[in-house]
Amino acid sequence: MRNVGAAYHSLKEYAAAQGSFAQGRAIAERIAHTALIANFTWNQGALASAQFQHHDAFALLRRALIQIEDNHLLPQKPHALNFLAKAYLRFERADLAEKCFLMALRVPGVSLSQTAHALCGLLLCGLLLSALMTTHFIIGDNDVETTLTALKTLKPHIPVRSPALFALPPGDAAAHLEREAAALQHELDHLPALARYRVVEALTYWLHERSAASDAAGRTELSLPS
């Protein structure tokens, strides 16, 4: 039911998705499967958000997070937080979305895909919240330097030791970022042409910088006398 509902959601066949999620949640509740209940609840919340049914979306997503917290379902937490962040973006609250994306990144053991998704969303929020709210910041100016400037402000808050994405070679990490940026655009179709913000390019440049600095530090350490 979950995969079927997700497929319908991706195709924007919302009525069919809602039926699948509702049926799946009913079964999960009948067998008292807490992880599945939380999963179907946040999927219902994400579906409501995609239809700009903000009241229902926030209620369902918060309920899912309560279920996750109360039942110690840590691996599911980044998914729910990323969905909540996107719900806030649809509600024009980039400040609250930014906090949710950051919380998702700080969850121990956050997956590669959820890390990449949260990073792209976080940097997008940073640009939307920039004090320099010119037209370029509202629609993106196709200049990666603008995005790198915003990233400098965010970098001190990004946990780089825990998420596995940061241990990957930059090229492999970039592939995850590209895929999740495309997913973000598909979901946030009320924000057209997100590629104009050059988020993937800026994050990839940063990862290459980090990798080069780490390699240089390793070479220096190896050359020191014992």
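These legends walk through several close-up views of a predicted model.

Residues are numbered from 1 along each chain as its sequence is written, and side-chain values use heavy atoms, with hydrogens and water left out. Because the model is predicted, local features need pLDDT of at least 70 and side-chain atom pairs count only at pLDDT 80 or more, while totals for chains, interfaces and linings use all residues.

**View 1. The protein chain is built from eleven helices and zero strands.**
Helices (H or I, at least four residues) and strands (E, at least two) are DSSP runs, numbered from the N terminus. Following the sequence, you will meet the pattern α-α-α-α-α-α-α-α-α-α-α. The chain has 226 residues, and 45% of them count as buried; here buried means under 20% relative accessible area, exposed over 50%, and partly exposed in between, with a 1.4 Å probe and protein chains only. Contact means heavy atoms within 4.5 Å. Among contacts between residues at least 6 apart in sequence, 64% join residues at least 24 apart.

**View 2. The largest pocket has 24 lining residues.**
Rolling a probe the size of a water molecule over the atoms shows where empty space is left. The search uses a 1 Å grid over the protein atoms alone: a cavity is a set of points where a 1.4 Å probe fits but cannot get out, and a pocket is an open set with protein on both sides within 12 Å along at least five of seven lines; lining residues have an atom within 4 Å of a point. Grid points are joined across faces, edges and corners, and a volume is the space filled by probe spheres set on the points. For the largest pocket, that volume is about 530 Å³. Look for Ala 6, His 9, Asn 43, Phe 83 and Glu 187, which lie nearest its centre. Two or more lining residues come from each of helix H1 (2–10), helix H3 (34–50), helix H5 (77–90), helix H7 (112–128) and helix H10 (170–187). The lining divides into seven nonpolar, ten polar and seven charged residues. In this count Ala, Val, Leu, Ile, Met, Phe, Trp, Tyr, Cys and Pro are nonpolar, Asp, Glu, Lys and Arg are charged, and the others, Gly among them, are polar.

**View 3. The second largest cavity has a volume of about 30 Å³.**
The structure holds two cavities of 30 Å³ or more. Lining the second largest one are His 9, Ala 46, Ser 49, Phe 83, Lys 86, Arg 90 and Glu 187. H5 gives the largest share of this lining, three residues, and H3 also supplies at least two. By class, the lining has two nonpolar, two polar and three charged residues. Ser 49 sits in helix H3 and counts as buried because its relative accessibility is 1%. Setting aside neighbours within four places in sequence, Ser 49 is in contact with Ala 57, Lys 86, Ala 87 and Arg 90.

**View 4. The largest nonpolar core gathers 55 residues.**
A nonpolar core is a set of buried Ala, Val, Leu, Ile, Met, Phe, Trp, Tyr and Cys residues joined through side-chain atoms within 4.5 Å. Leu 89, Ile 158, Leu 177 and Leu 203 touch the most other members. H7 gives the most to this core, with ten residues. Not counting residues up to four places away in sequence, Leu 89 touches Ala 94, Ala 97, Phe 101, Leu 124, Cys 125, Leu 128, Leu 188 and His 190. A second, separate core of eight residues includes Tyr 14, Phe 21, Ala 28 and Phe 40.

**View 5. Helix H7 is mostly covered.**
Of the 17 residues in H7, 15 are buried. From its first C-alpha to its last, H7 reaches 24 Å, close to the 24 Å expected at 1.5 Å a residue; the expected span is 1.5 Å times one less than the number of residues.

**View 6. Two loop residues, Ala 32 and Phe 52, have a positive phi.**
Ala 32 has a phi of about 55° although it is not a glycine, and belongs to the loop between helix H2 (14–30) and H3. Ala 32 counts as exposed because its relative accessibility is 56%. Phe 52, also not a glycine, has a phi of about 60° and is found in the loop between H3 and helix H4 (54–70). At 37% relative accessibility, Phe 52 counts as partly exposed.
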